[in-house]
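Q: Can you walk me through this one? I'm new to reading structures, so keep it simple.

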Amino acid sequence: MTEQNITRLNIGDKELILIGTAHVSKQSAEQVKEVIEAEKPDTVCVELDEQRYTAVMQDSQWKDMDIFKVVKEKKATLLLMNLLISSFQKRMAKQFDIKPGQEMIQGIESANNLGAEVVLADRNIQITFSRIWNGIGIWGKAKLITTIVASIFSKEELSEKDLERMKSEDMLNSALEEFTKSFPKLKVPLIDERDQYLSQKIKEAPGKKIVAVLGAAHIPGIKEEIKKDHDLEALCEKPAKSKIPKILAWAIPLAIVGIIAYTLIANPADGIQQIISWILWNGSFSAIGALIAFGHPAAVLTAFLIAPISSLSPLIAAGWFAGITQTYFRRPNVSDFESLSEDVYNFKGFRDNKVTRILLVVVLSNIGSTIGTFIGGADVIRLFLQNLT
């Protein structure tokens, strides 16, 4: 049995065997099977949480999705990001003719065959996303989304030899150093905190001999963090949201309404012009967003009509109504859900699949409405200042 990519540790009376894998490498899946069969551990830990466990073990995850519910619960952006990220991994997996997460599936299957216990050792993915999203600021968010989207539609392919080289610690440390230069704040929730969480879960796993199937990026950190004790509850806390955005979400609309009301009293003609400007800027940009997403004409019209109203209330958003309208007129069928994971590989598939089109209508209508709010608000203030002079 080859010892490459295997790290052996002894913590107290436990023997820990860490297998560093590439998530789309056929050799990784084969090595996981070989190690578990040879070592016959009491427990196998895998780098999955409940949500990702369901995703890799059930092919029907998208087929059962209620798209109306997704839009109503304001989860369109989150689902879109999940699809983009998972599609990148699946594209790599398809290139090498392996199922995404095959090394994790293999770990679970081999453990079950031996009668060993399986521990889902990773932190909930939604908590990780939440801690990432709240820690990188508005420009970091824009940069991150741009990078992810660009990588998904990139035609560049990695050789399997490159993937295997990436599993060596020297290559990994070099890649990680470049990664933290681009997104320094991203490393803490994405790598460091999960290293701590994974190491604690592995330490607490039942039995004397533990095999852990992990992405290679976590091995160096876990080797250090496993020597310490970590508070899992603290690592699972969602970051406290700043009150400033909520205050601004109410203060800005109230200010706009107050300014328009004052202008209507002082100069009715300018007040009416303010109202028209607000409606046109908000409605037009939101409608443009729906058009860019190839939305149904009714969805485009809905975005135009709702945006001027929704921009004055943080409780509603134009994109939700446009998305629901798009769903009503272009309801996805079974084939759209079945082909979803394939269609997100390329622009044409992303555009033509009815599910992703709904998500794009929601997201781009909201972005357009936000842009229209700033421009329309600036024009309202301009007319207000003219009446003060």
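A: Here is a quick tour, starting with the overall makeup.

Q: Is this an experimental or a predicted model?
A: This is a predicted model.

Q: OK. How many helices and strands are in the chain?
A: The chain has 20 helices and five strands.

Q: And what share of the residues is buried?
A: Of the 389 residues, 46% are buried.

Q: What about contacts between residues far apart in sequence?
A: Take the contacts with a separation of 6 or more. Residues 24 or more positions apart account for 79% of them.

Q: Let's do the sheet. What order do the strands come in?
A: The order is 1-2-5-3-4. The five strands form an open sheet, and the pairing is mixed.

Q: Which strands are at the edges?
A: Strand 1 and strand 4 (117-120). Each of them pairs on one side only.

Q: How much are neighbouring strands turned against each other?
A: By 20 degrees on average, if you ignore direction.

Q: Does anything pack on that sheet, and if so, which helix?
A: Helix 1 (residues 26-39) does. Helix 1 touches strand 1, strand 2, strand 3 and strand 5. Its direction makes about 165 degrees with that of strand 2.

Q: What holds strands together in general?
A: Strands of a sheet pair through backbone hydrogen bonds, and they can run parallel or antiparallel.

Q: So which is it for strand 1 and strand 2, parallel or antiparallel?
A: Antiparallel. Strand 1 (residues 6-11) and strand 2 pair that way over six bridges. One bridge links asparagine 10 to glutamate 15 in strand 2.

Q: What sits between those two strands?
A: Two residues, since strand 1 and strand 2 form a hairpin. Glycine 12 is in the turn, with a positive phi of about 60 degrees.

Q: And strand 2 with strand 5, parallel or antiparallel?
A: Parallel, over seven bridges. Strand 5 covers residues 209-215. Glutamate 15 has lysine 209 as its bridge partner in strand 5. Further along, isoleucine 19 stands opposite valine 213 in strand 5.

Q: Why do you call strand 2 largely enclosed?
A: Strand 2 (residues 14-21) has eight residues, and seven of them are buried, so the rest of the structure largely encloses it.

Q: Now threonine 43. Where is it, and is it buried or exposed?
A: Threonine 43 is in strand 3 (residues 43-46). Its relative accessibility is 1%, so threonine 43 counts as buried. The cut-off for buried is under 20%.

Q: What does threonine 43 touch?
A: Leave out residues up to four places away in sequence. Threonine 43 then touches Ala116, Glu117, Val119, Ala205, Pro206, Lys209, Ile210 and Val211. Lys209 is also the bridge partner of glutamate 15.

Q: Switching topic. What's the normal sign of phi?
A: Most residues other than glycine have a negative phi.

Q: Which residues here have a positive one without being glycine?
A: Lysine 40 has a positive phi of about 50 degrees and is not a glycine. Phenylalanine 294 also has a positive phi, near 60 degrees.

Q: Where are they?
A: Lysine 40 is in the loop between helix 1 and strand 3. Phenylalanine 294 is in the loop between helix 14 and helix 15 (297-310).

Q: Buried or exposed?
A: Lysine 40 counts as exposed, at 56% relative accessibility. Phenylalanine 294 counts as partly exposed, at 40%.

Q: What's in helix 14 itself?
A: Asparagine 282 lies in helix 14 (residues 268-292). Asparagine 282 has 0% relative accessibility, so it counts as buried. Isoleucine 288 is in helix 14 too. Isoleucine 288 is partly exposed, with a relative accessible area of 42%.

Q: What surrounds asparagine 282?
A: Setting aside residues up to four places away in sequence, asparagine 282 touches Ala307, Pro308, Ser311, Ser369, Gly372 and Thr373.

Q: And how far is isoleucine 288 from serine 365?
A: They are 77 residues apart in sequence. In space they are 7.4 Å apart, C-alpha to C-alpha.

Q: Last one. How do helix 16 and helix 20 pack?
A: Helix 16 (residues 318-329) and helix 20 (residues 354-388) pack at about 150 degrees, with axes 7 Å apart. Angles over 145 degrees count as roughly antiparallel, so helix 16 and helix 20 are roughly antiparallel to each other. Their crossing is right-handed.

Q: Which residues meet there?
A: From helix 16, they include Ala318, Trp320 and Gln326. From helix 20, they include Arg357, Ser365 and Ser369. By class, the contact of helix 16 with helix 20 has six nonpolar, seven polar and one charged residues.

Definitions and conventions:
Residues are numbered from 1 along each chain as its sequence is written. This is a predicted model: local features need pLDDT of at least 70, side-chain atom pairs count only at pLDDT 80 or more; totals for chains, interfaces and linings use all residues. Side-chain values use heavy atoms; hydrogens and water are left out. Axes are lines fitted to C-alpha atoms, for helices over the stretch in contact, and angles run from 0 to 180 degrees between N-to-C directions. Helices (H or I, at least four residues) and strands (E, at least two) are DSSP runs, numbered from the N terminus. Angles under 35 degrees count as roughly parallel, over 145 as roughly antiparallel, 65 to 115 as roughly perpendicular and the rest as oblique. A crossing is left-handed if the near helix is turned anticlockwise from the far one by less than a right angle, and right-handed if clockwise. Contact means heavy atoms within 4.5 Å. Ala, Val, Leu, Ile, Met, Phe, Trp, Tyr, Cys and Pro count as nonpolar, Asp, Glu, Lys and Arg as charged, and the others, Gly among them, as polar. Buried means under 20% relative accessible area, exposed over 50%, partly exposed in between (1.4 Å probe, protein chains only). Two strands pair if DSSP finds at least two bridges between them.
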